[in-house]
Amino acid sequence: MPTADPVVVPTSAAEALAKAREVAARIEVDAALRDRDRRLPYAEIDDLSASGLLAITVPQRFGGPDLAPSVVADVTRLLAAADPNVAQIPHSHFVYLNLLRLAAPDALAQRIFGHVLQGGRVANAQSERGGKTVADINTTLRRQGDRFVLDGEKFYATGSLFAHTLAVLARLPEGAETAEVAGGFEPGEYIAFVAADAPGVEIVDDWNGLGQRTTGSGTVRFSGVDVDPGDLVARAPAVARPTGYGAFAQLLHVAIDVGIARGALDAAADFVRTKSRPWFEAGVERADADLLTVQRFGELGVEVAAAEATLDAASRAVDAATADDVDDPALTAQASIAVAVAKTVADRASNSVSSALFEVAGTRSASTELSLDRFWRNARTHTLHDPVRWKYQHIGRWVLRGESPPIHGVI
């Protein structure tokens, strides 16, 4: 479970960002080697836990600093520029802490938040293979006396290899047998908070993606896992009304992409300054003196700056929509659209800049030993998470017809 050493949690945005820069500097050192050789970042994730950054969203009434979504996004961006694998691992940690805030009974929230304040980590077990769409869930809960039993198999369970607790999306099917369970549980979708080392839980290290190779995004199996009713949270209260749940989750995905774009640009600039040779026709002594190269870096710099600016705007919109004293569907819709805009810009920048790295750095940069291709592989893989073509649809309907985006937890 969580670390035995005391965890000092940052209590302000300035403290959190300073701590994030410290952690980012450490994890960047061997990021290329970890990515190239698929070395799982256990030590780096322990470092992240020990920094207290994983507890910055714990609500004040449960003993945390309750920092805003914009702070989490900035922390994520800084980590992603150093190692987007490490940055993505706690994504679902923050998302499911938000679910606890929005929908969990106090006893469960107190327990999970307490673990997190001690360095505990939560990971998702949500998506499945084989369904008609990603929304199809075959993992089920069934009644056994006054408790439940969990059965099913998940994939894309990012962070599961490093987690203390798994947040498992499961269905409580229709039928009298389940409807009579003590506590009045209605059929529907629930999140079961299960110990990662509970009997019947099997976490398989089988993720073989093109990019994001060390995120622990493989298979998790549940075979007759015992679940206390008090460890269940109905999903609907968080995702079936305008809570900003989806906007917050998507904001962190944007931050990862923006971080990748910045990391790729910085790596390209460093390589050109220190290793690239100028093209002979340029008539200059250094590659960074080639006017055409300077021009291209200017263009790439604009792409990254635009992505960072739209992330910042989206962060402020999510802050406004999710403040404790706010219950405004219009603000929630505006936040979702702002995040969708940022997602499209970040998707373009991360893929474009990570590819252009080789264009500006030259043939030497293509060496597999350098692992500079990790930026493009990570961008290309992570941006597949949810299609930007649907973001354009939601933005277009908002601009043209004034239609609010749907409420389903993914926008």
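**Cavity lining and aromatic contacts**

User: What makes the residues lining the largest cavity divide into seven nonpolar, two polar and one charged?

Analyst: This is a predicted model, in which local features need pLDDT of at least 70 and side-chain atom pairs pLDDT 80 or more, while totals for chains, interfaces and linings use all residues. Residues are numbered from 1 along each chain as its sequence is written, and side-chain values use heavy atoms, without hydrogens or water. A cavity is a set of points on a 1 Å grid over the protein atoms alone where a 1.4 Å probe fits but cannot get out, and lining residues have an atom within 4 Å of a point. Ala, Val, Leu, Ile, Met, Phe, Trp, Tyr, Cys and Pro count as nonpolar, Asp, Glu, Lys and Arg as charged, and the others as polar. The lining includes Arg121, which is charged, and His93 and Gly159, which are polar.

User: Why is the pair of tyrosine 42 and phenylalanine 162 called tilted?

Analyst: Rings of Phe, Tyr and Trp (its six-membered ring) pair if their centres lie within 6.5 Å; planes under 30 degrees apart are stacked, over 60 edge-to-face, and the rest tilted. Here the centres are 5.0 Å apart and the planes at 55 degrees, so the pair is tilted.

User: Why is phenylalanine 162 called buried, but tyrosine 42 partly exposed?

Analyst: Buried means under 20% relative accessible area, exposed over 50%, and partly exposed in between (1.4 Å probe, protein chains only). Phenylalanine 162 has 3% and is therefore buried; tyrosine 42, at 42%, is partly exposed.

Conventions: On a 1 Å grid over the protein atoms alone, a cavity is a set of points where a 1.4 Å probe fits but cannot get out, and a pocket is an open set with protein on both sides within 12 Å along at least five of seven lines; lining residues have an atom within 4 Å of a point.
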